[in-house]
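Got the viewer open? Follow along stop by stop, and select each residue as we reach it.

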Amino acid sequence: MMPAALLIPPGLVALAGAVLVPLLPRRARSAAFLVFCLFALALVVSIPDGAKLTVRVMDFTLVLLRMDALSRVFGVVFALIALAGGLYAFHLEEAGQQTAALLYAGSGLGVVLAGDLLTILVFWEVMALASTYLVWARRTEESEQAGARYLLVHVFGGGLLFAGILVHLSQGGTLDLAAFAPGTTAPGPWLMLTGVLLNAACPPLHAWLPDAYPKATVTGAVFLSAFTTKAAVYVLLRAYPGWKILVVLGVMMTLYGVVYAILADDIRGILAYHIVSQVGFMVAGAGIGTELGINGSAAHAYS
């Protein structure tokens, strides 16, 4: 077991990069972006299963890092996508987009490697803010309006998640990220589920995705396509396996998304609706809840 003192959360490496990259000379920023992503990837690969990093905040124990097989799959692919996006955008010298992309990637890694609900909530909100900038960075009237709508929707979704956590705690629950009993009547898990499904772009909570993604910068769209919906899938796999309502919603997503992808009249619109469709398979796998269903969803997210 690696000593806790030596554990460095990979997400914090990317977040540190977001702080440091804008301070570097313009020509060094793109290379530095890749270095931070490579460091994060190396950490995800090297941290052993069972490793845990906790901090005490007031009366709560927060788990900043918990590594197991499921976390590693999502951590590896998130770090790889950040690295691939950095290579794709190597020509880009705009510090704002580079900073937002690193914040987005780092907070995404923070979500999939966290072991408690409050830590997930914090990184969840950072994801929303960073991804909004990638829409606004296109600097058109359409992108400004779409980004504002996107931000409002995700702030609302984060509010649902936060409300669910508070209700869950008030009814004797803990902050531990663990599977909720399928079909529970407790309101806390249902409130949290609604917030997570919003980020997963589950109809009718999906309109933000085809509205905002096609209007983001080209580089921003690379990152947008990877993190928000897949982080939501991770939370569903971790906290809601076997919830049969997810099977119904997932099937609905696959059919809805593919039909509207066919009807879309531009390539980025096709991509946006196709994301909805493909995430539907992952949501359905979480709802099936068996080992095969969860592994299939994780593998599809990785692919």
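Start by selecting histidine 168, which sits in helix H6, residues 141-170. This is a predicted model, so keep that in mind at every stop. Is histidine 168 buried or exposed? With a relative accessibility of 15%, histidine 168 counts as buried, because the cut-off for buried is under 20%. Now show what surrounds the side chain: leaving out residues up to four places away in sequence, histidine 168 touches Leu117, Gly173, Thr174, Phe180, Gly188, Pro189 and Met192.

**Next: phenylalanine 36**

Jump to helix H2, residues 26-46, and pick out phenylalanine 36. Phenylalanine 36 is buried too, at 16% relative accessibility. Setting aside neighbours within four places in sequence, its contacts are Val13, Ala16, Gly17, Leu20 and Val21. If you want to try the distance tool, go from the C-alpha of phenylalanine 36 to that of serine 277: the two are 241 residues apart along the chain and 32 Å apart in space.

While you're here, colour helix H1, residues 10-20. Which residues of helix H1 are buried? They are Pro10, Gly11, Val13, Ala14, Leu15, Gly17 and Ala18. These buried residues pack against H2, E2, helix H4 (95-113) and helix H5 (117-136).

**Then the hairpin**

Select strands E1 (residues 52-57) and E2 (residues 60-66), an antiparallel pair joined by 6 bridges. For a register check, find leucine 53, which stands opposite leucine 65 in E2. The hairpin has 2 residues between the strands. Click on methionine 58 in that loop between E1 and E2. Most residues other than glycine have a negative phi, and most peptide bonds are trans. Methionine 58 has a positive phi, near 50 degrees. Methionine 58 is also exposed, at 69% relative accessibility.

**On to helix H3 and the aromatics**

Move along to the start of H3 and show aspartate 68. One of its side-chain oxygens comes within 3.3 Å of the backbone nitrogen of leucine 70. How does the length of H3 work out? H3 has 20 residues, which at 1.5 Å a residue should span 28 Å, and its end C-alpha atoms are indeed 28 Å apart.

Turn on the rings next. The structure has 13 aromatic pairs. One of them is phenylalanine 74 with phenylalanine 78: the ring centres are 6.4 Å apart and the planes sit at 80 degrees, so this pair is edge-to-face. Phenylalanine 74 and phenylalanine 78 both belong to helix H3 (residues 69-88), 4 residues apart, or about one turn of the helix. An α-helix has 3.6 residues a turn, so residues three or four places apart point the same way. Phenylalanine 74 is buried at 1% relative accessible area, and phenylalanine 78 is buried at 2%.

Stay on phenylalanine 78 and add phenylalanine 227. Their ring centres are 5.0 Å apart with the planes at 85 degrees, so they also make an edge-to-face pair. Which parts of the chain does this pair tie together? Phenylalanine 78 is in helix H3, while phenylalanine 227 is in the loop between helix H9 (218-224) and helix H10 (228-239), so the pair links parts that are 149 residues apart in sequence. Phenylalanine 227 is buried, at 0% relative accessibility.

To see the wider group, select Phe33, Phe74, Phe78, Tyr104, Phe223, Phe227 and Tyr234 together: they form one aromatic cluster.

**Last stop: the loop between H7 and H8**

Go to the loop between helix H7 (187-199) and helix H8 (208-212), where you'll find proline 204. The peptide bond leading from proline 203 to proline 204 is cis, with omega near 10 degrees. In the loop between H7 and H8, click on alanine 201 as well. What is the phi of alanine 201? Phi is near 65 degrees, a positive value in a residue other than glycine. Alanine 201 is buried, at 0% relative accessibility.

Finish with the cysteines. Cysteine 202 is buried at 3% relative accessibility, and cysteine 37 is buried at 4%. How many disulfides does the structure have? The count is 0.

Definitions and conventions
Residues numbered from 1 in each chain as written. Predicted model: local features only at pLDDT ≥ 70, side-chain atom pairs only at ≥ 80, totals over all residues. Heavy atoms only, no water. Phe/Tyr/Trp six-rings, centres within 6.5 Å; stacked < 30°, edge-to-face > 60°. Buried < 20%, exposed > 50% of the residue type's maximum accessible area, 1.4 Å probe, protein only. Expected span 1.5 Å × (residues − 1). Polar contact = N/O pair within 3.5 Å; in protein donor to acceptor, adjacent residues only side chain to side chain. Disulfide = S-S within 2.5 Å. Contact = heavy atoms within 4.5 Å. Pairing = 2+ DSSP bridges.
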